[in-house]
Amino acid sequence: MADTDDFDDAAVGSDDLAEKLAALDDAAAERRTAALRGGLDEYALDDEDLAVLESAGEDVDEITYLPALPVVAIVGRPNVGKSALVNRILGRREAVVEDTPGVTRDRVSYQAEWMSRRFTLVDTGGWEPDARGIDASVAAQAEVAIDLADAVMFVVDSNVGATSTDEHVVRLLRKTNKPVYLVANKVDDARLEPQSADLWSLGLGEPHPVSALHGRGVADLLDLVVGALPEVSAVAKREVGGPRRVAIVGRPNVGKSSLLNKAAGEERVVVNDLAGTTRDPVDEQIELGGKVWRFVDTAGIRRRVHLQQGADFYASLRTSAALEKAEVAVVVLDVTQPISEQDVRIIDLVLESGRALVIAYNKWDLLDDDRRRYLEREIEQNLAHVDWAPRVNISAKTGRHLEKLVPALELALESWDTRIGTGKFNAFLAELVAAHPHPLRGGKQPRILFGTQASSRPPTFVLFTTGFLDPGYRRYIQRRLRELYGFEGTPIVLNMRVRERRSR
């Protein structure tokens, strides 16, 4: 009898399985499935088995339009505690916080709620006048955040007092006709409150003493801010509920932020040659290919998460969390660099999360013929286990072939959502086993009693068997599933439940 590893290399397509399944009468398939299901009653099934057998249906991700939530922007110079205030308002450690100035770089939006009022909170990078390089991009994002807000919290370090940089920000804020709340942060106890009185000199009205670290005074501040917010934002886009969620992941500096900016049609996130520019996941609603998507630009995942320190460590954790919230991941690879072990690890992270997968080969316009030959060899050697993932060759910087990203996303998500009827699946298994039965192991041959697709997103199949199926045979089943049903762009999960007959 052939070893199960032979199934990985077995010639396929010699039988007419596809034609047989296409011609299968649905009623006959259902009758056969009912008989197989009845046969399972002779085996010892637990409550979880019964729940799997009864599971059916799938979630529908409808797009619904909701009123635009009012927007509150938090601005100020570096290291005054803006992200700490964001975390205090949200009630969780969401924004990356570190004692080093300049940790936050992009304007990052969060959904917040206070006294049953929902609003969007926008954290920004520190604003500095005459900034150069990446700091200039950070400052520009802060200015955009002010323009796209209904109210502004201007945070000042009460212990330092008003600085010339704070006065620059005040001049910027006076050009807007929006309510501005002067927040005197780091007032950790009542003895420090008199210091905040000096901030009247900024000419923005009464300073509100708070301690973002300890929560002191934040509730009173929120009562004021939320009470003055409009019911519907005058500047924000309408909220879209239920668009497909796309996470952009990859190593640092492969072009993830450039891809998001090009897709959004604006400089939505800071782009710089400095690796690791993005720290917080940046969530953006984008219309691309006639559809609304929610793109999330994430921090680059470095080689060893446990060896990272400070902001990079927390950024990696947030990237993993963003992946869990997404439905499809676009893994961005830099074709000018060899495919590394780190690239493969990131792809494996997507597979472990069960998300649909599209691989974007970025900087394709910089590829010469020599590098192209090496690249194809690297793909064949390192990415053979994801040869089912749609591949898009793009240039995020110029936008070349960006239009090909949408069909790839749609294909991957359609496969991710695919559900095969129980009748068809059991007919598929019966034909498969008849053509290539499982090899004998220790004088016994495991039988597949019944199969069902327990869920989609990703497609997850459960096989009730009389014995353990060898890994090679499971890969053979997965490969035939792909050949017959596509499943391009999605991992396939194949679980087994080995059951014995009930004792008489």
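Which ring does the charged end of R391 sit over? The ring belongs to Y361, and the charged end of R391 lies 4.7 Å from its centre. Keep in mind as you look around that this is a predicted model.

Let's turn to the sheets, beginning with the one that holds β2 to β7. This is an open sheet of 6 strands, and if you walk across it you meet them in the order β3-β4-β2-β5-β6-β7, with mixed pairing. The edges are taken by β3 and β7 (208-209), each of which has a single partner strand, so one side of each is left without a neighbour in the sheet. At the β7 edge, strand β6 (residues 180-185) pairs with β7 in the parallel sense, over 2 bridges. You can find the place by looking for A184, which stands opposite P209 in β7.

Two helices can be found against this sheet. Helix α7 (residues 164-174) lies across β2 (71-75), β5 (151-157) and β6, and runs at about 170° to β5. Helix α9 (residues 218-228) also packs on the sheet, where it touches β2, β3, β4, β5, β6 and β7. The direction of α9 makes about 170° with that of β6.

Before leaving this sheet, have a look at the loop between β3 (108-114) and β4 (117-123), which is where M115 is placed. The backbone has a detail to notice here: phi of M115 is near 50°, a positive value in a residue other than glycine.

Further along the chain there is another open sheet, made of 3 strands in the order β15-β16-β17, again with mixed pairing. Its edge strands are β15 (448-455) and β17 (493-498), each pairing on one side only. From one strand to the next, the twist averages 20°. Strand β16 (residues 460-465) pairs with β15 in the antiparallel sense over 6 bridges. One of the residues to look for is S455, whose bridge partner in β16 is T460. The loop between β15 and β16 contains P458. What kind of peptide bond joins R457 and P458? The bond is cis, with omega at about 0°.

Helix α15 is a good guide to the surroundings of this sheet. On the sheet, α15 lies across β15 and β16, running at about 140° to β15. Helix α15 (residues 422-435) also packs with helix α3 (residues 26-39), at an angle of about 75° and with the axes 8 Å apart. The two helices, α3 and α15, are therefore roughly perpendicular to each other. On the α3 side, the contact is made by D26, A29, E30, R32, T33 and L36. These meet T422, G423, K424, N426 and A430 of α15. Sorted by class, the contact of α3 with α15 has 3 nonpolar, 4 polar and 4 charged residues.

Finally, the aromatic residues deserve a look. The structure holds 6 aromatic pairs. One aromatic cluster is formed by F425, F428, F461, Y485 and F487. Tracing these five side chains brings you back to elements you have already met, since F425 and F428 fall within α15 (residues 422-435) and F461 falls within β16 (residues 460-465).

Key. Residues numbered from 1 in each chain as written. Predicted model: local features only at pLDDT ≥ 70, side-chain atom pairs only at ≥ 80, totals over all residues. Heavy atoms only, no water. Phe/Tyr/Trp six-rings, centres within 6.5 Å; stacked < 30°, edge-to-face > 60°. Lys NZ or Arg CZ within 6 Å of the ring centre and 35° of its normal. Axes fitted to C-alpha atoms, helices over the stretch in contact; angles between N-to-C directions. Helix = DSSP H or I, 4+ residues; strand = E, 2+ residues; numbered from the N terminus. Parallel < 35°, antiparallel > 145°, perpendicular 65-115°, else oblique. Contact = heavy atoms within 4.5 Å. Nonpolar A, V, L, I, M, F, W, Y, C, P; charged D, E, K, R; others polar. Pairing = 2+ DSSP bridges.
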